[in-house]
Amino acid sequence: MDMNIRCVVLLVVLPVVSLSQNIADGGGDDSSLDPGSIENDAVCIFVEETLELNFTVSAALDPGTIILKSSNEMVFQLEDSPVEFTIDKETEFPMTVFVLITGKFVGIERLEAIYHAHYSDNHNAVEQGADVTIVDFVTIKVKRLPVFTQFVIQYVMMAFLIISYITMGAKSDVDVIKDKLRRPWAVLIGMVCQFAIMPSLAFAVARAFRLDPASSLGLVIFGSCPGGWLSNAFSVLLDLDFVLSLTMTFCSTFLALGMMPLNLAIYTRTFTAQNEQLKVPFLDLVVQLCLLVVPIVVGLAIVAKFPKFKVICNKLLKPVATGMVVVAMVTTLPFEYYVFIAEGKLYGAAFTMPLVGGCLGFLLAKVACLENRTALTVAIETGSQNALLAIAMVKLFYPLPEADLVSRIPLFVVIFTLVEGLAITFVYVIVKRLRMRCREQAEDAEVDSKPIATSLDVKPSGCQSSDQLSNAMEANGIQNQAFTSEGQ
């Protein structure tokens with residue numbers, strides 16, 4: 001086998017094996033499948049699973065009432081909720097109570113023991129309005145039941161991610177990229193939008209919509225990602241500057257090796273302070289980002305060895321771009337149904353992020369006096385972050401259910417990005433066809449308005465017009481006054 005081909009195979013296999021190992025090791029979930037497993041002092045159950053739980057109240061309490069309740073009954077519920085029992089002077093501590101809990105939806109909530117102090121032995125605290133205190137709690141994590149489709153989706157996402165980077169390398173022309181970098185204003189503005197505006201915008205949107213820590217973390221991860229294949233696809237569908245889009249994606253992918261961990265370190269501290277499971281594994285992140293650069297080199301190597309591969313990629317660019325959008329929706333949405341069972345603020349944040357990001361990118365490009373086509377390319381590149389990278393990284397690095405909760409918002413954002421992008425593409429195609437039809441009608445009307453030459457207007461090649469004959473006679477002195485008078 002040729003040495004170059006061996007290198008290409010090795011470079012392809014390396015990131016695949018690494019990413020696969022992360023998934024196999026439970027990069028998402030390293031817990032056992034036993035019902036009621038305990039992770040970091042949290043009780044884990046599956047959706048629709050019922051578990052008998054021993055709840056212990058350790059603190060010695062004065063006479064009163066203790067009510068056990070779920071902090072969010074959409075996530076899990078207690079049988080015969082609320083569970084209530086009375087404490088008197090003879091109650092011994094620690095006190096253990098047996099309760100049944102049932103998982104309802106993916107999430108992390110608490111089973112809380114709420115203590116109502118009695119003002120007297122004969123009156124209930126609820127009636128008297130006594131002080132209410134949470135004296136103890138247990139964290140309950142509700143997971144999706146592992147099914148084969150989850151692993152399929154993870155490998156499909158991984159395959160898409162690697163293929164997108166290989167094709168990006170194959171379509172990249174180093175000379176063309178160098179030419180773009182000689183006039184780097186558009187590329188520089190794109191990088192500022194990618195790594196300065198989008199992470200800060202993600203943080204601001206998370207704060208404005210008051211998202212929970214897991215969703216906020218997912219939004220910041222999405223905002224910190226480089227550009228991806230979706231921006232390249234829409235730049236083709238909208239007849240924008242595809243070379244510029246590809247150049248910005250190429251550059252942002254390499255800059256992400258340093259800028260993505262930096263932005264995550266800056267903007268995620270607020271959201272991860274209270275949950276160790278949400279901490280960003282920076283070392284693993286850098287390693288995986290380095291490995292994901294490898295497919296770009298693979299694409300460049302394939303084109304260097306087989307130049308026709310680039311021609312094939314260019315010919316299939318539009319249909320493949322459209323197909324990737326459709327396949328991404330078909331392979332993801334049916335199996336990630338839990339995303340849609342969410343609060344309205346998640347919908348608002350996911351809708352706002354790509355739209356506002358694209359508008360800010362366009363405005364910054366126009367402030368820099370870039371032409372409309374270039375400014376729109378920058379806008380598309382800014383609003384279409386590599387959500388696929390964000391989802392893949394979250395699935396690899398976080399356990400369940402944290403992985404589902406964090407990846408929910410990037411998946412939501414990519415859905416809205418697809419919807420918004422396809423809507424813009426639809427409007428563009430309609431307007432483009434209407435303009436073409438108007439232009440054709442104007443050309444037809446112009447042709448119809450021109451006089452049509454008849455046989456009477458056509459003179460033999462040997463005949464001269466009256467003006468030509470008069471000029472010739474004057475030049476030869478035939479119309480000279482002297483000749484005319486003599487003749488008379």
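Let me begin with terms: helices (H or I, at least four residues) and strands (E, at least two) are DSSP runs, numbered from the N terminus. The structure before us is a predicted model, in which local features need pLDDT of at least 70 and side-chain atom pairs pLDDT 80 or more, while totals for chains, interfaces and linings use all residues. Residues are numbered from 1 along each chain as its sequence is written, and side-chain values use heavy atoms, without hydrogens or water.

I turn to the pockets. A pocket is an open set of points on a 1 Å grid over the protein atoms alone, where a 1.4 Å probe fits and protein lies on both sides within 12 Å along at least five of seven lines; lining residues have an atom within 4 Å of a point. The largest pocket has a volume (the space filled by probe spheres set on points joined across faces, edges and corners) of about 910 Å³. It is lined by 31 residues, and those closest to its centre are G107, I108, E109, D212 and L405.

Which elements each supply at least two residues of that lining? They are β8 (107–117), β9 (132–143), α6 (213–224), α13 (344–367) and α16 (402–449). Strand β8 gives the largest share, with 4 residues. By class, the lining comprises 14 nonpolar, 7 polar and 10 charged residues (Ala, Val, Leu, Ile, Met, Phe, Trp, Tyr, Cys and Pro being nonpolar, Asp, Glu, Lys and Arg charged, and the others, Gly among them, polar).

The second largest pocket holds about 400 Å³ of space. Twenty residues line this second pocket, with L238, L376, A379, I380 and I424 closest to its centre. Helices α13, α14 (372–383) and α16 each contribute at least two residues to its lining, which by class has 12 nonpolar, 5 polar and 3 charged residues.

Helix α13 therefore deserves a moment, because it supplies at least two residues to the lining of the largest pocket and at least two to that of the second largest. Its 24 residues reach 34 Å from first C-alpha to last, close to the 34 Å expected (1.5 Å times one less than the number of residues). At T352, α13 bends by about 25 degrees, and a proline, P354, follows within four residues; the bend is the angle between axes fitted to the seven residues ending there and the seven starting there. The buried residues of α13 (under 20% relative accessible area with a 1.4 Å probe and protein chains only; exposed is over 50%, partly exposed in between) include L346, M353, P354 and A365. After the helix comes C369, with a positive phi near 65 degrees.

Helix α6, which also lines the largest pocket, is mostly covered, with 11 of its 12 residues buried. Among them are L217, V220, I221 and F222. Its end C-alpha atoms are 16 Å apart, in agreement with the expected 16 Å.

Helix α8 (residues 242–267) offers a contrast to a straight helix: its 26 residues should reach 38 Å, but its end C-alpha atoms are only 31 Å apart. The helix bends by about 60 degrees at A256.

Two individual residues remain. R110 sits in strand β8 and is partly exposed, at 29% relative accessibility. Its C-alpha atom lies 9.7 Å from that of V75, 35 residues away along the chain. Is T272, in helix α9 (residues 269–272), buried or exposed? T272 is buried, because its relative accessibility is 4%.
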